[in-house]
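Student: I have a structure open and would like to understand the labels people attach to it. Could we go through them one by one?

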Amino acid sequence: MTTPPNISAADEQIEVPGLSGLTRDWLSAIGEDPDREGLQRTPHRVAKAWGFLTAGYGQTLEDAAGSAVFAAEGSEMVIVKDIEFYSMCEHHMLPFYGRAHVAYIPGDKILGLSKFARIVDLYSRRLQVQERITTQVADAIEELLEPKGVAVLMEGIHLCMAMRGVQKQNSSTTTSAMRGLFRNDPRTRAEFMSAVQGTLRNR
């Protein structure tokens, strides 16, 4: 169904059941008045926002890939760089975000390029840790395509480190998952790392 032009995707989000009431209690617990003008609609906005931020729980890998798996016509490395991701840390429920770089060497199948972003979103839109997203994306591509190799590199900024605790605003976290040729062949791995090196933060 096509979204009417005057309705944004955010407006169509369904509230997480029960979250509106919990948000009112949360506002009261931190010393706010949930009935003051600026906060009256906040519980509903939060309930809808979290419906979007955790949409990955209601989706499957098949949903993300759709019908975009095709027969391979070559066996050269495919790299999709700079896929933005946004997620919520499961330890403090604060955001972390960054970019993912995904590569694979086809076997018999290839995947439509936009679907790699959808797969990253599938696992990012949950309560997560960056290490887990990285391995889940790599495992998903292996499951879908049975390629000769898969590489996933993710670099994230974690607000649980920047806003609280050690308060290190300039730190970032890099995680990787290598499968097949990317794990076993140093030249293949080096080719991938060379291709994404210039996009890494502060490089």
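Tutor: Gladly, and let us start with one residue in this predicted model. Methionine 93 has a relative accessible area of 40% and is classed as partly exposed.

Student: Why is methionine 93 called partly exposed?

Tutor: Buried means under 20% and exposed means over 50%, with partly exposed in between. Methionine 93 has 40%, so the label is partly exposed.

Student: What makes the phi of methionine 93 worth a remark?

Tutor: Most residues other than glycine have a negative phi. Methionine 93 is not a glycine, yet its phi is positive, about 55°. As for its place, methionine 93 lies in the loop between S2 and S3, and that hairpin has five residues between the strands.

Student: Which residue in strand S2 also has a note on its exposure?

Tutor: Aspartate 82 is found in strand S2. Its phi is positive too, about 60°, although aspartate 82 is not a glycine. With a relative accessible area of 33%, aspartate 82 falls between the two cut-offs and is therefore partly exposed.

Student: How do you know that S2 and S3 are paired?

Tutor: Pairing takes at least two bridges. Nine bridges join S2 to S3, and these strands run antiparallel, so the condition is met. One example is tyrosine 86, whose bridge partner in S3 is tyrosine 97.

Student: What makes S2 and S5 count as paired?

Tutor: Two bridges join them, and the strands run parallel. The requirement is at least two, so S2 and S5 qualify. Methionine 88 has leucine 127 of S5 as its bridge partner.

Student: And how are S3 and S6 joined?

Tutor: By 10 bridges, with the strands running antiparallel. In S6, alanine 151 is the bridge partner of alanine 103.

Student: Why is the pairing of the sheet called mixed?

Tutor: The open sheet has five strands in the order S5-S2-S3-S6-S7. S2 and S5 run parallel, whereas S2 and S3 run antiparallel. With both directions present, the pairing is mixed.

Student: What makes S5 and S7 edge strands?

Tutor: Each of them pairs on one side only.

Student: How do you know that S3 is largely enclosed?

Tutor: Eight of the 11 residues of S3 are buried, so the rest of the structure largely encloses this strand. For the whole protein, buried residues make up 38% of the 203 residues.

Student: Which residues of helix H4 are called buried?

Tutor: In H4 (residues 114-124) they are Lys115, Phe116, Ile119, Val120, Leu122, Tyr123 and Ser124. They pack against several elements, among them helix H3, strand S2, strand S3 and helix H5.

Student: Which residues have the most contacts inside the largest nonpolar core?

Tutor: They are Leu111, Phe116, Ile119, Tyr123, Val137 and Ile141, in a core of 30 residues. The elements that give two or more residues to this core are H3, S2, S3, H4, H5 and strand S6. H5 gives the most, with seven residues.

Student: With which residues is valine 137 in contact, leaving aside neighbours within four places in sequence?

Tutor: Valine 137 is in contact with Val102, Ile119, Val120, Tyr123 and Val152. There is also a second, separate core of nine residues, and it includes Ile105, Leu153, Phe192 and Val196.

Student: Now the largest pocket: how do its lining residues divide by type?

Tutor: Seven are nonpolar, two are polar and none is charged. The lining consists of Leu19, Thr23, Trp26, Leu27, Ile30, Thr42, Val46, Trp50 and Met93. Threonine is not on the nonpolar or charged list, so Thr23 and Thr42 count as polar. The volume of this pocket is about 170 Å³.

Student: Which elements give two or more residues to that lining?

Tutor: Helix H1 (19-29) and helix H2 (42-53) do, and the largest share, four residues, comes from H1. Leucine 19 lies in H1, and beyond its neighbours within four places in sequence it is in contact with Val46, Ala47 and Trp50.

Student: What share of the contacts with a separation of 6 or more joins residues 24 or more positions apart?

Tutor: Such residues account for 71% of those contacts.

Note on methods. Residues numbered from 1 in each chain as written. Predicted model: local features only at pLDDT ≥ 70, side-chain atom pairs only at ≥ 80, totals over all residues. Heavy atoms only, no water. Buried < 20%, exposed > 50% of the residue type's maximum accessible area, 1.4 Å probe, protein only. Contact = heavy atoms within 4.5 Å. Core = buried A, V, L, I, M, F, W, Y, C linked by side-chain atoms within 4.5 Å. 1 Å grid on protein atoms, 1.4 Å probe; cavity = no way out; pocket = protein on both sides within 12 Å on 5 of 7 lines; lining within 4 Å. Points joined across faces, edges and corners; volume = space filled by probe spheres on them.
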